[in-house]
Amino acid sequence: MKKILIIGGGASGVMAAITAAKNGADVTIYERNDRILKKILVTGNGKCNLSNRNLTLSAYHVKDQEKLRRCFERFNTEDTILFFKSCGLLLKDKNGYLYPACEQASVVSDILRLSLEQMKVRVITQVFDIKVSKLKDKEGFIVTSTMGKDCFDAVIFACGSFAGIHAKEKESKDKKYHAGYDFIKKFGHTLIPVRPSLVQIRCKEPFFPAIAGVRCDAALSLMEEKECLMTERGELQLTDYGISGIPVFQFSGIAAQKLEEGKKLSVMIDFLPDYLEDEWEDFINTRLLIKQGETFESFFLGILHKKITAMLLKINGVKPQDVITENQKENVLKIASFMKRFKVTPYAVNSFEHAQVCSGGVDFRELDDNLQSTFSKNVYFCGEIVDVDGKCGGYNLQWAWTSGYLAGNHASGKCE
(Lines give C-alpha, C1' and ligand atoms only; values in the text may rest on other atoms or scores of the structure.)
Protein backbone atom coordinates (compact mmCIF):
# COMPACT_ATOMS: atom_id res chain seq x y z
CA MET A 1 0.00 0.00 0.00
CA LYS A 2 1.46 3.36 -1.06
CA LYS A 3 1.72 5.96 1.65
CA ILE A 4 0.90 9.45 0.34
CA LEU A 5 1.11 12.87 1.98
CA ILE A 6 -0.95 15.71 0.59
CA ILE A 7 0.13 19.16 1.75
CA GLY A 8 -2.95 21.39 1.59
CA GLY A 9 -6.59 20.65 2.32
CA GLY A 10 -8.25 22.80 -0.31
CA ALA A 11 -10.33 21.59 -3.25
CA SER A 12 -7.47 20.05 -5.25
CA GLY A 13 -5.86 18.45 -2.21
CA VAL A 14 -9.12 16.87 -1.08
CA MET A 15 -9.84 15.57 -4.58
CA ALA A 16 -6.34 14.09 -4.73
CA ALA A 17 -6.85 12.45 -1.32
CA ILE A 18 -10.23 10.90 -2.19
CA THR A 19 -8.94 9.65 -5.55
CA ALA A 20 -5.77 8.11 -4.08
CA ALA A 21 -7.68 6.51 -1.18
CA LYS A 22 -10.19 4.96 -3.61
CA ASN A 23 -7.20 3.36 -5.32
CA GLY A 24 -6.13 1.77 -2.04
CA ALA A 25 -3.47 4.23 -0.90
CA ASP A 26 -2.84 5.21 2.71
CA VAL A 27 -3.46 8.99 2.59
CA THR A 28 -2.72 11.82 5.02
CA ILE A 29 -3.57 15.51 4.55
CA TYR A 30 -1.57 18.23 6.32
CA GLU A 31 -3.45 21.55 6.50
CA ARG A 32 -2.18 24.81 8.04
CA ASN A 33 -5.67 26.17 8.87
CA ASP A 34 -7.90 24.98 11.69
CA ARG A 35 -10.11 23.22 9.15
CA ILE A 36 -9.97 22.08 5.54
CA LEU A 37 -11.90 23.52 2.56
CA LYS A 38 -12.31 26.99 4.08
CA LYS A 39 -12.04 28.71 0.70
CA ILE A 40 -14.89 26.63 -0.72
CA LEU A 41 -17.27 28.37 1.69
CA VAL A 42 -16.92 31.75 -0.05
CA THR A 43 -16.82 30.45 -3.62
CA GLY A 44 -19.53 31.78 -5.92
CA ASN A 45 -20.79 34.24 -3.29
CA GLY A 46 -21.40 31.36 -0.92
CA LYS A 47 -23.20 29.24 -3.52
CA CYS A 48 -20.10 27.43 -4.88
CA ASN A 49 -19.93 27.62 -8.67
CA LEU A 50 -18.05 24.33 -8.84
CA SER A 51 -17.67 23.91 -12.62
CA ASN A 52 -18.84 25.04 -16.05
CA ARG A 53 -20.23 23.00 -18.93
CA ASN A 54 -18.51 25.33 -21.39
CA LEU A 55 -15.05 24.00 -20.54
CA THR A 56 -12.95 25.91 -23.05
CA LEU A 57 -9.17 26.33 -23.05
CA SER A 58 -9.61 30.03 -23.83
CA ALA A 59 -10.97 30.47 -20.29
CA TYR A 60 -7.50 29.73 -18.87
CA HIS A 61 -4.19 31.56 -18.72
CA VAL A 62 -1.60 28.83 -19.22
CA LYS A 63 1.71 28.43 -21.03
CA ASP A 64 0.99 24.95 -22.44
CA GLN A 65 -2.58 24.74 -23.72
CA GLU A 66 -2.00 21.38 -25.39
CA LYS A 67 -1.05 19.78 -22.07
CA LEU A 68 -4.06 21.42 -20.41
CA ARG A 69 -6.27 19.96 -23.15
CA ARG A 70 -4.89 16.49 -22.43
CA CYS A 71 -5.57 16.97 -18.72
CA PHE A 72 -9.20 17.87 -19.37
CA GLU A 73 -9.59 14.93 -21.75
CA ARG A 74 -8.93 12.65 -18.76
CA PHE A 75 -11.09 14.49 -16.22
CA ASN A 76 -13.57 17.10 -17.42
CA THR A 77 -16.86 18.70 -16.40
CA GLU A 78 -18.86 15.52 -16.95
CA ASP A 79 -16.44 13.61 -14.74
CA THR A 80 -16.88 16.26 -12.06
CA ILE A 81 -20.66 15.88 -12.28
CA LEU A 82 -20.38 12.10 -11.95
CA PHE A 83 -17.97 12.44 -9.03
CA PHE A 84 -20.29 14.69 -7.03
CA LYS A 85 -23.33 12.58 -7.86
CA SER A 86 -21.46 9.54 -6.53
CA CYS A 87 -20.90 11.53 -3.32
CA GLY A 88 -24.65 12.20 -3.10
CA LEU A 89 -24.64 15.85 -4.19
CA LEU A 90 -27.38 17.07 -6.52
CA LEU A 91 -26.28 19.76 -8.98
CA LYS A 92 -28.05 22.68 -10.63
CA ASP A 93 -27.21 24.00 -14.12
CA LYS A 94 -27.59 27.77 -14.59
CA ASN A 95 -26.78 28.47 -18.24
CA GLY A 96 -23.83 26.11 -18.02
CA TYR A 97 -22.66 27.30 -14.60
CA LEU A 98 -22.88 24.37 -12.16
CA TYR A 99 -23.89 24.79 -8.50
CA PRO A 100 -25.10 22.45 -5.77
CA ALA A 101 -28.87 22.21 -6.10
CA CYS A 102 -29.31 23.71 -2.63
CA GLU A 103 -26.97 26.61 -3.60
CA GLN A 104 -25.01 26.26 -0.36
CA ALA A 105 -21.23 26.08 -0.55
CA SER A 106 -21.14 24.60 2.94
CA VAL A 107 -22.86 21.46 1.63
CA VAL A 108 -20.03 20.89 -0.88
CA SER A 109 -17.55 21.13 1.98
CA ASP A 110 -19.61 18.80 4.17
CA ILE A 111 -19.94 16.16 1.46
CA LEU A 112 -16.23 16.20 0.67
CA ARG A 113 -15.30 15.92 4.35
CA LEU A 114 -17.72 13.00 4.71
CA SER A 115 -16.08 11.31 1.71
CA LEU A 116 -12.67 11.70 3.34
CA GLU A 117 -13.98 10.08 6.52
CA GLN A 118 -15.49 7.20 4.56
CA MET A 119 -12.21 6.64 2.72
CA LYS A 120 -10.33 6.76 6.06
CA VAL A 121 -8.11 9.65 5.00
CA ARG A 122 -6.25 11.17 7.95
CA VAL A 123 -6.80 14.93 8.11
CA ILE A 124 -4.41 16.81 10.39
CA THR A 125 -4.93 20.56 10.73
CA GLN A 126 -2.75 23.40 12.03
CA VAL A 127 0.44 21.79 10.80
CA PHE A 128 3.37 24.18 10.34
CA ASP A 129 7.10 24.19 9.59
CA ILE A 130 6.82 21.40 7.02
CA LYS A 131 10.09 20.21 5.51
CA VAL A 132 10.26 17.53 2.82
CA SER A 133 13.50 15.70 1.93
CA LYS A 134 14.26 12.71 -0.24
CA LEU A 135 15.26 9.54 1.56
CA LYS A 136 18.85 8.53 0.94
CA ASP A 137 19.54 5.35 -1.04
CA LYS A 138 15.86 4.57 -1.71
CA GLU A 139 12.65 6.10 -3.07
CA GLY A 140 10.45 8.07 -0.74
CA PHE A 141 10.52 11.14 1.46
CA ILE A 142 11.05 12.07 5.05
CA VAL A 143 8.73 14.83 6.25
CA THR A 144 9.23 16.82 9.44
CA SER A 145 6.75 19.35 10.83
CA THR A 146 5.10 20.43 14.05
CA MET A 147 3.56 16.94 13.95
CA GLY A 148 6.98 15.32 14.19
CA LYS A 149 8.67 13.09 11.61
CA ASP A 150 7.18 10.59 9.15
CA CYS A 151 8.03 8.86 5.86
CA PHE A 152 5.95 8.77 2.68
CA ASP A 153 6.21 7.16 -0.75
CA ALA A 154 4.83 10.20 -2.57
CA VAL A 155 4.08 13.85 -1.78
CA ILE A 156 1.41 15.97 -3.46
CA PHE A 157 1.76 19.71 -3.03
CA ALA A 158 -1.72 21.26 -3.06
CA CYS A 159 -0.76 24.30 -1.00
CA GLY A 160 -2.87 26.83 -2.89
CA SER A 161 -1.64 30.39 -3.37
CA PHE A 162 -1.50 33.75 -1.62
CA ALA A 163 -5.09 34.48 -2.74
CA GLY A 164 -7.25 35.37 0.25
CA ILE A 165 -4.25 35.44 2.60
CA HIS A 166 -3.79 38.63 4.61
CA ALA A 167 -0.70 40.66 3.69
CA LYS A 168 0.72 40.28 7.21
CA GLU A 169 0.47 36.52 6.92
CA LYS A 170 2.06 36.53 3.46
CA GLU A 171 5.03 38.51 4.72
CA SER A 172 5.46 36.41 7.86
CA LYS A 173 9.16 35.72 8.37
CA ASP A 174 8.60 32.18 9.58
CA LYS A 175 6.86 31.34 6.27
CA LYS A 176 4.24 29.22 8.01
CA TYR A 177 1.58 30.51 5.68
CA HIS A 178 2.92 29.45 2.32
CA ALA A 179 5.79 27.00 2.34
CA GLY A 180 4.58 25.77 -1.07
CA TYR A 181 6.60 28.31 -3.01
CA ASP A 182 9.73 27.20 -1.17
CA PHE A 183 8.99 23.59 -2.16
CA ILE A 184 8.82 24.61 -5.83
CA LYS A 185 12.39 25.85 -5.69
CA LYS A 186 13.59 23.04 -3.41
CA PHE A 187 12.68 20.43 -6.04
CA GLY A 188 14.40 22.35 -8.84
CA HIS A 189 11.36 24.00 -10.40
CA THR A 190 10.87 27.49 -11.77
CA LEU A 191 8.63 29.75 -9.70
CA ILE A 192 6.61 31.89 -12.12
CA PRO A 193 6.05 35.29 -10.42
CA VAL A 194 2.92 35.15 -8.27
CA ARG A 195 0.38 37.96 -8.73
CA PRO A 196 -3.21 38.57 -7.63
CA SER A 197 -5.82 37.57 -10.23
CA LEU A 198 -9.62 37.84 -10.24
CA VAL A 199 -9.27 41.00 -8.19
CA GLN A 200 -10.35 44.65 -8.15
CA ILE A 201 -8.40 47.37 -9.98
CA ARG A 202 -7.38 50.68 -8.43
CA CYS A 203 -7.55 53.78 -10.66
CA LYS A 204 -5.97 57.24 -10.54
CA GLU A 205 -9.01 59.45 -11.11
CA PRO A 206 -10.23 61.49 -8.10
CA PHE A 207 -13.96 61.22 -8.81
CA PHE A 208 -14.46 57.59 -7.72
CA PRO A 209 -15.72 58.37 -4.18
CA ALA A 210 -18.64 60.26 -5.78
CA ILE A 211 -19.78 57.20 -7.76
CA ALA A 212 -18.91 54.49 -5.23
CA GLY A 213 -21.59 51.85 -4.79
CA VAL A 214 -23.01 52.08 -8.32
CA ARG A 215 -23.51 48.83 -10.23
CA CYS A 216 -24.34 48.81 -13.93
CA ASP A 217 -24.10 46.71 -17.07
CA ALA A 218 -21.06 47.79 -19.07
CA ALA A 219 -18.50 46.67 -21.63
CA LEU A 220 -14.88 47.23 -20.60
CA SER A 221 -11.76 47.17 -22.77
CA LEU A 222 -8.29 46.87 -21.24
CA MET A 223 -5.97 49.02 -23.35
CA GLU A 224 -2.17 49.26 -23.57
CA GLU A 225 -1.55 52.49 -25.46
CA LYS A 226 -3.87 52.04 -28.49
CA GLU A 227 -3.89 48.22 -28.41
CA CYS A 228 -6.93 46.47 -26.96
CA LEU A 229 -5.69 43.58 -24.83
CA MET A 230 -9.09 42.22 -23.77
CA THR A 231 -12.78 43.17 -23.74
CA GLU A 232 -15.34 41.92 -21.23
CA ARG A 233 -18.98 42.69 -20.50
CA GLY A 234 -20.99 42.28 -17.32
CA GLU A 235 -21.93 44.01 -14.11
CA LEU A 236 -19.41 46.75 -13.38
CA GLN A 237 -19.09 47.74 -9.73
CA LEU A 238 -17.74 51.21 -8.99
CA THR A 239 -15.85 51.65 -5.72
CA ASP A 240 -14.27 54.59 -3.93
CA TYR A 241 -10.86 53.59 -5.36
CA GLY A 242 -11.65 52.19 -8.80
CA ILE A 243 -13.46 49.36 -10.57
CA SER A 244 -14.65 45.90 -9.61
CA GLY A 245 -17.06 43.20 -10.74
CA ILE A 246 -16.71 40.09 -12.90
CA PRO A 247 -15.68 41.88 -16.15
CA VAL A 248 -12.88 43.59 -14.20
CA PHE A 249 -11.82 40.34 -12.55
CA GLN A 250 -11.53 38.63 -15.93
CA PHE A 251 -8.67 40.84 -17.10
CA SER A 252 -7.18 41.81 -13.74
CA GLY A 253 -4.44 39.16 -13.98
CA ILE A 254 -3.20 40.62 -17.27
CA ALA A 255 -3.45 44.13 -15.80
CA ALA A 256 -1.38 43.07 -12.76
CA GLN A 257 1.38 41.69 -14.99
CA LYS A 258 1.45 44.71 -17.30
CA LEU A 259 1.49 47.20 -14.42
CA GLU A 260 4.33 45.28 -12.77
CA GLU A 261 6.23 45.58 -16.05
CA GLY A 262 5.72 49.36 -15.97
CA LYS A 263 3.27 49.46 -18.89
CA LYS A 264 0.78 52.32 -19.21
CA LEU A 265 -2.77 50.98 -19.20
CA SER A 266 -6.25 52.39 -19.49
CA VAL A 267 -9.71 50.87 -19.25
CA MET A 268 -12.31 52.11 -21.72
CA ILE A 269 -15.83 51.82 -20.29
CA ASP A 270 -18.94 51.65 -22.45
CA PHE A 271 -21.86 52.39 -20.13
CA LEU A 272 -24.35 51.70 -22.96
CA PRO A 273 -23.15 48.47 -24.59
CA ASP A 274 -26.54 47.73 -26.18
CA TYR A 275 -26.26 50.81 -28.40
CA LEU A 276 -24.05 50.88 -31.48
CA GLU A 277 -22.12 54.12 -32.02
CA ASP A 278 -24.37 55.21 -34.93
CA GLU A 279 -27.54 54.39 -33.00
CA TRP A 280 -26.32 56.38 -30.02
CA GLU A 281 -25.43 59.41 -32.15
CA ASP A 282 -28.87 59.32 -33.78
CA PHE A 283 -30.53 59.06 -30.38
CA ILE A 284 -28.65 62.09 -29.01
CA ASN A 285 -29.19 64.21 -32.11
CA THR A 286 -32.92 63.47 -32.05
CA ARG A 287 -33.05 64.24 -28.34
CA LEU A 288 -31.32 67.59 -28.99
CA LEU A 289 -34.08 68.56 -31.37
CA ILE A 290 -36.73 67.71 -28.79
CA LYS A 291 -35.08 68.89 -25.58
CA GLN A 292 -33.13 72.01 -26.54
CA GLY A 293 -33.86 74.66 -23.94
CA GLU A 294 -34.09 72.13 -21.10
CA THR A 295 -31.47 71.64 -18.39
CA PHE A 296 -28.61 69.16 -18.67
CA GLU A 297 -30.11 67.24 -15.76
CA SER A 298 -33.40 66.89 -17.63
CA PHE A 299 -31.71 66.05 -20.94
CA PHE A 300 -29.75 63.08 -19.56
CA LEU A 301 -32.40 61.91 -17.10
CA GLY A 302 -33.16 58.19 -17.29
CA ILE A 303 -30.12 57.20 -19.36
CA LEU A 304 -27.53 56.29 -16.72
CA HIS A 305 -27.43 56.09 -12.94
CA LYS A 306 -27.75 59.62 -11.53
CA LYS A 307 -24.37 59.42 -9.80
CA ILE A 308 -22.61 58.62 -13.09
CA THR A 309 -24.43 61.39 -14.94
CA ALA A 310 -23.61 63.91 -12.21
CA MET A 311 -19.94 62.90 -12.36
CA LEU A 312 -19.81 63.27 -16.15
CA LEU A 313 -21.42 66.71 -15.97
CA LYS A 314 -18.98 67.85 -13.29
CA ILE A 315 -15.78 66.75 -15.05
CA ASN A 316 -17.02 68.58 -18.15
CA GLY A 317 -17.60 71.80 -16.20
CA VAL A 318 -21.38 71.68 -16.53
CA LYS A 319 -23.94 72.20 -13.76
CA PRO A 320 -27.13 70.10 -13.73
CA GLN A 321 -29.25 73.28 -13.86
CA ASP A 322 -27.44 74.76 -16.88
CA VAL A 323 -29.76 75.20 -19.87
CA ILE A 324 -28.90 73.61 -23.19
CA THR A 325 -28.47 76.31 -25.80
CA GLU A 326 -26.89 76.24 -29.24
CA ASN A 327 -23.56 77.12 -27.59
CA GLN A 328 -23.89 74.14 -25.20
CA LYS A 329 -24.46 71.50 -27.90
CA GLU A 330 -20.75 70.68 -27.95
CA ASN A 331 -20.84 69.85 -24.24
CA VAL A 332 -23.89 67.64 -24.76
CA LEU A 333 -22.11 65.69 -27.50
CA LYS A 334 -18.96 65.39 -25.40
CA ILE A 335 -20.87 64.04 -22.38
CA ALA A 336 -22.81 61.66 -24.64
CA SER A 337 -19.50 60.44 -26.10
CA PHE A 338 -18.15 59.79 -22.60
CA MET A 339 -21.14 57.56 -21.92
CA LYS A 340 -19.91 55.24 -24.69
CA ARG A 341 -16.16 55.77 -24.32
CA PHE A 342 -15.09 56.72 -20.80
CA LYS A 343 -11.43 56.20 -19.94
CA VAL A 344 -10.04 55.44 -16.48
CA THR A 345 -6.40 54.84 -15.58
CA PRO A 346 -5.34 51.78 -13.55
CA TYR A 347 -2.27 52.12 -11.37
CA ALA A 348 -2.50 48.92 -9.28
CA VAL A 349 -4.61 45.89 -8.49
CA ASN A 350 -5.80 45.13 -4.99
CA SER A 351 -3.66 42.98 -2.72
CA PHE A 352 -3.61 39.19 -2.42
CA GLU A 353 -6.09 39.16 0.44
CA HIS A 354 -8.78 40.50 -1.93
CA ALA A 355 -7.97 38.12 -4.82
CA GLN A 356 -10.01 35.02 -5.59
CA VAL A 357 -7.03 33.27 -7.22
CA CYS A 358 -3.44 34.02 -8.20
CA SER A 359 -1.50 33.68 -11.41
CA GLY A 360 1.98 32.21 -11.22
CA GLY A 361 3.38 29.27 -9.28
CA VAL A 362 5.21 26.17 -10.46
CA ASP A 363 5.84 26.25 -14.21
CA PHE A 364 3.20 23.98 -15.78
CA ARG A 365 5.69 22.99 -18.49
CA GLU A 366 7.92 21.37 -15.84
CA LEU A 367 5.21 18.83 -14.89
CA ASP A 368 4.22 15.76 -16.88
CA ASP A 369 0.66 14.92 -17.92
CA ASN A 370 0.05 13.38 -14.47
CA LEU A 371 1.29 16.59 -12.81
CA GLN A 372 4.35 14.75 -11.55
CA SER A 373 7.57 16.73 -11.36
CA THR A 374 9.82 16.12 -14.35
CA PHE A 375 12.76 16.60 -11.96
CA SER A 376 11.69 14.47 -8.98
CA LYS A 377 9.81 11.19 -9.16
CA ASN A 378 6.78 10.87 -6.84
CA VAL A 379 6.54 14.65 -6.33
CA TYR A 380 3.27 16.15 -7.63
CA PHE A 381 1.74 19.62 -7.79
CA CYS A 382 -1.96 20.40 -8.23
CA GLY A 383 -4.46 23.24 -7.92
CA GLU A 384 -3.52 26.87 -7.49
CA ILE A 385 0.15 26.22 -6.78
CA VAL A 386 0.49 25.43 -10.50
CA ASP A 387 0.70 28.34 -12.96
CA VAL A 388 -2.79 27.69 -14.34
CA ASP A 389 -5.56 30.19 -13.60
CA GLY A 390 -8.96 30.66 -15.18
CA LYS A 391 -11.73 33.18 -15.54
CA CYS A 392 -14.68 33.49 -13.17
CA GLY A 393 -17.40 30.92 -13.75
CA GLY A 394 -16.29 27.68 -12.10
CA TYR A 395 -13.14 27.30 -14.21
CA ASN A 396 -10.67 27.48 -11.34
CA LEU A 397 -12.55 24.89 -9.30
CA GLN A 398 -12.72 22.63 -12.37
CA TRP A 399 -8.92 22.88 -12.59
CA ALA A 400 -8.76 21.95 -8.90
CA TRP A 401 -10.91 18.82 -9.44
CA THR A 402 -9.02 17.83 -12.60
CA SER A 403 -5.52 18.39 -11.27
CA GLY A 404 -6.32 16.79 -7.92
CA TYR A 405 -7.73 13.72 -9.64
CA LEU A 406 -4.73 13.33 -11.97
CA ALA A 407 -2.16 13.76 -9.19
CA GLY A 408 -3.97 11.49 -6.74
CA ASN A 409 -4.62 8.83 -9.35
CA HIS A 410 -1.03 8.57 -10.52
CA ALA A 411 0.58 8.99 -7.09
CA SER A 412 -1.42 6.02 -5.85
CA GLY A 413 0.08 3.86 -8.56
CA LYS A 414 -2.82 3.71 -10.99
CA CYS A 415 -1.90 4.36 -14.62
CA GLU A 416 -4.47 5.10 -17.32
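User: In this predicted model, over how many bridges do β8 and strand β9 (residues 141–145) pair?

Analyst: The model is a predicted one. Strand β8 belongs to an open sheet of 3 strands in the order β8-β9-β10, with antiparallel pairing. Within the pairing of β8 and β9, Lys-131 has Thr-144 of β9 as its bridge partner. The two strands pair in the antiparallel sense, and the number of bridges is 4.

User: Which are the edge strands of the sheet β8-β9-β10?

Analyst: From one strand to the next, the twist averages 20 degrees. An edge strand pairs on one side only, and this applies to β8 (131–134) and β10 (148–152).

User: Is helix α2 roughly parallel or roughly perpendicular to α13?

Analyst: The axes of α2 (residues 65–74) and α13 (residues 395–411) come within 10 Å and cross at roughly 80 degrees. Angles of 65 to 115 degrees count as roughly perpendicular. Therefore α2 is, relative to α13, roughly perpendicular.

User: How many residues of the contact of α2 with α13 are nonpolar?

Analyst: On the α2 side the contact involves Leu-68, Cys-71, Phe-72 and Arg-74, and on the α13 side Gln-398, Trp-399, Thr-402, Tyr-405 and Leu-406. Of these residues, 2 are polar and 1 is charged, while the number of nonpolar ones is 6.

User: Is Gln-292 buried, partly exposed or exposed?

Analyst: Gln-292 lies in the loop between α9 (277–291) and α10 (296–299). Leaving aside neighbours within four places in sequence, its contacts include Ile-324 and Lys-329. Because its relative accessible area is 38%, Gln-292 is classed as partly exposed.

Notes:
Residues are numbered from 1 along each chain as its sequence is written. This is a predicted model: local features need pLDDT of at least 70, side-chain atom pairs count only at pLDDT 80 or more; totals for chains, interfaces and linings use all residues. Side-chain values use heavy atoms; hydrogens and water are left out. Buried means under 20% relative accessible area, exposed over 50%, partly exposed in between (1.4 Å probe, protein chains only). Contact means heavy atoms within 4.5 Å. Axes are lines fitted to C-alpha atoms, for helices over the stretch in contact, and angles run from 0 to 180 degrees between N-to-C directions. Angles under 35 degrees count as roughly parallel, over 145 as roughly antiparallel, 65 to 115 as roughly perpendicular and the rest as oblique. Ala, Val, Leu, Ile, Met, Phe, Trp, Tyr, Cys and Pro count as nonpolar, Asp, Glu, Lys and Arg as charged, and the others, Gly among them, as polar. Two strands pair if DSSP finds at least two bridges between them.
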